[in-house]
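Subject: Handing over the structure

Dear colleague,

I am passing on to you the structure we spoke about, with the sequence alongside. Please have it open while you read, as the notes below go through it region by region.

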Amino acid sequence: ATFPPNRTSNMPVPGGPGGAPPPGAPPGASSSAGHDESYFTESRKGEVNELRMLLRTFATERDKQRKRDIMKKVIAYMTLGIDVSRLFTEMMLAIETRDLVIKKMVYLFLCNYAETHPDLAQMCTNTLVKDCGNEDPMVRGLALRSLCSLRLPQMIEYTSEPLRRSLQDGHAYVRKTGVMGILKMYHLNKEEFDKASFNDILYDMLRDPDSSVVTNCILVLNEIMADSGGMALNRAVMLHLLNRIHEFSEFGILSVLDLVPRYIPANDDEGFQIMNLLDPVLRTANAGAVVATIRAFLSIADAVGKRPGDDRDEDSPTVDDLKHQVVVRIKAPSVTLLASGSSELTYVLLKYVDQLIDLCPGIFDDEYRVFYVRYHDQTHIKHSKVRILAKLANPDNAPDIVSELGELVANVDEMMGRIAVQSMASIAMHDSGGQGAVESIARRLVEMLDLHGIPHISSEAATALASLVRRHPSIVSVVSAPLPRALKYISEPAGKASVIFLLGECGESIMEAPYVLE
């Protein structure tokens, strides 16, 4: 027999090139050059003690990456739920470093064990307060955030002064971190918060030159004053924020726009001034900002428009006139976003457009082709589009819309077919298709009664015809002929009940009606 050659010499040797780390090798040692070992692995017995030994030599370690790897291992164990709180003293000593990455990991460690080990957390207070005065703004901000995140009532006396200093810091990162620290202090001890008069300071900081700081001030004030409906607004604050809206991030713009519906303009001129300031937002690609602007416009129209019984000038626009103008203005941005967004975004926008169509019928009618179903649309989007199409029908576009709906009746999606039939019936019920549309749609529905291979469509058509006959008795002659045979093939109870009703309504023109019913 021929034996395979001995491969033992090529097997990885522990500690050798390409091999596993030798037994007792320090955590983080790489098994091969250029290969990152996973930190999230099961710990071996005694591994935490090994980490303790490594942390004790941390100050003398010169390799920057090696130091980071040790810290990553500690954080990984903490994330896995292993109790590494006994390394607290060693981690405290490691905080004295200029490496921002290591500082971040030490701060994370401190915040994680602060609530469960409050005595240990108090040991790090002086270090964190000292770091709040560091020359590096990133260190100042991180130290302040960690100090406020300890969430221990006994830490309030140490937190107040660094917080107050941070609000006047020269760097925006420290100021916005301080603003969020105020919110943490509010939830920790409301009495101390009130004594420090941070509310007034936050209102003053709405004029901060950095927009991210202003955004945080708005969020914090809204949460602090949630019981009274959010932060207090006046003309000066509102116009100041809107004049600076172009400076804000997308998230900040939404924070400002959410304030507008809560503010009631003093007069028509102020309302129109706010609308003019918001108009550029409609040209952004941020769908959330566009939708928030639409909501703001409609709220202003509701606030400044003339209502019946008002003693204003006859030339003053009414609420309905203003809303109509608003919907005309926002039609183009809405249609653009519908065609360019993700499926989730498109669905939300379709719901908004559906509401706008109900609010001001007729404005979106000329854009009906945008709501045609595309083969790659998600199912829920297709259903929404078909429902909207029925609301857009008018004498000019009804033939195209009914024809499009007719193509969707035999769709493999059963619900889609049902909605298409219902939409066709809706057009006829509301007489929105113009002269002859009702009879034309009734004939299409009668043809669907004979679609024996698609039972849900014939049943839905019978239900639609029953409603149509109630609304338009003149179509009885169109409907009556196929009813006797339809009763034999329709299987769904709702459809069968509708045919029986139609036989009763059309009994005078159907000689065999009594026998069919019998």
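The buried residues of helix α20 are covered by elements that include α19 (379-391), α21 (414-429) and α22 (437-449). Please keep in mind from the start that this is a predicted model. Helix α20 itself runs over residues 398-408, and its buried residues are A398, I401, V402, E404, L405 and L408. These residues lie on the same side of α20, because the arc that they cover around the axis is only 160°. On the face turned away from that buried side, α20 carries the exposed residues P399 and E407.

Two residues from the elements around α20 deserve a note of their own. H383 has its place in helix α19, and it is in contact with D413, M415, M416 and I419 when residues up to four places away in sequence are not counted. Is H383 buried or exposed? With a relative accessibility of 12%, H383 counts as buried, because the limit for that class is under 20%. D431, for its part, sits in the loop between α21 and α22, and its phi is near 55°, which is a positive value in a residue other than glycine. The relative accessible area of D431 is 43%, so D431 is classed as partly exposed.

For the chain as a whole, the protein has 27 helices and 0 strands. It consists of 518 residues, of which 48% count as buried. Among the contacts in the chain with a separation of 6 or more, 62% are made by residues 24 or more positions apart. The accessible surface comes to about 26900 Å², and carbon and sulfur atoms account for 51% of that surface.

I also looked at the space enclosed inside the model, where a search of the whole structure finds 3 cavities of 30 Å³ or more. The largest cavity has a volume of about 60 Å³, and the residues that line it are L147, C148, R151, M155, I156, T159, G181, K184, M185 and L188. Which elements give two or more residues to this lining? They are α7 (137-149), α8 (156-166) and α9 (172-188), and of the elements involved α9 gives the most, with 4 residues. By residue type, the lining of the largest cavity divides into 6 nonpolar, 2 polar and 2 charged residues.

The second largest cavity has a volume of about 50 Å³, and it is lined by V291, I294, S334, L338, L349, Y352, V353 and L356. The elements that give two or more residues to its lining are α16 (287-304), α17 (319-340) and α18 (343-359), with α18 giving the most, at 4 residues. The lining of the second largest cavity divides into 7 nonpolar residues, 1 polar residue and no charged ones.

Two of the helices just named, α16 and α17, are joined by a loop in which P317 is found. P317 has a relative accessible area of 21%, and it is therefore partly exposed, since only values under 20% count as buried. Leaving out residues up to four places away in sequence, P317 touches F272, G305, K306 and L322. For one of these partners, K306, there is also a distance to give: the C-alpha atoms of P317 and K306 are separated by 6.0 Å, although the two residues are 11 residues apart along the chain.

A last residue to look at is K103, which lies in helix α4 (residues 100-114). How is K103 placed with respect to the surface, and what is its relative accessible area? K103 is buried, with a relative accessible area of 4%. Apart from its neighbours within four places in sequence, K103 is in contact with I95, T97, D131 and V139.

If you would like a place to begin, you might turn first to α20 and the helices α19, α21 and α22, which are among the elements covering its buried residues, and then go on to the lining of the largest cavity, to which α9 gives the most.

With best wishes

Definitions and conventions:
Residues are numbered from 1 along each chain as its sequence is written. This is a predicted model: local features need pLDDT of at least 70, side-chain atom pairs count only at pLDDT 80 or more; totals for chains, interfaces and linings use all residues. Side-chain values use heavy atoms; hydrogens and water are left out. Buried means under 20% relative accessible area, exposed over 50%, partly exposed in between (1.4 Å probe, protein chains only). Contact means heavy atoms within 4.5 Å. Accessible areas come from the Shrake-Rupley method with a 1.4 Å probe; for residues, only the protein chains shown count as cover. The arc is that of the directions from the helix axis to the C-beta atoms. On a 1 Å grid over the protein atoms alone, a cavity is a set of points where a 1.4 Å probe fits but cannot get out, and a pocket is an open set with protein on both sides within 12 Å along at least five of seven lines; lining residues have an atom within 4 Å of a point. Grid points are joined across faces, edges and corners, and a volume is the space filled by probe spheres set on the points. Ala, Val, Leu, Ile, Met, Phe, Trp, Tyr, Cys and Pro count as nonpolar, Asp, Glu, Lys and Arg as charged, and the others, Gly among them, as polar.
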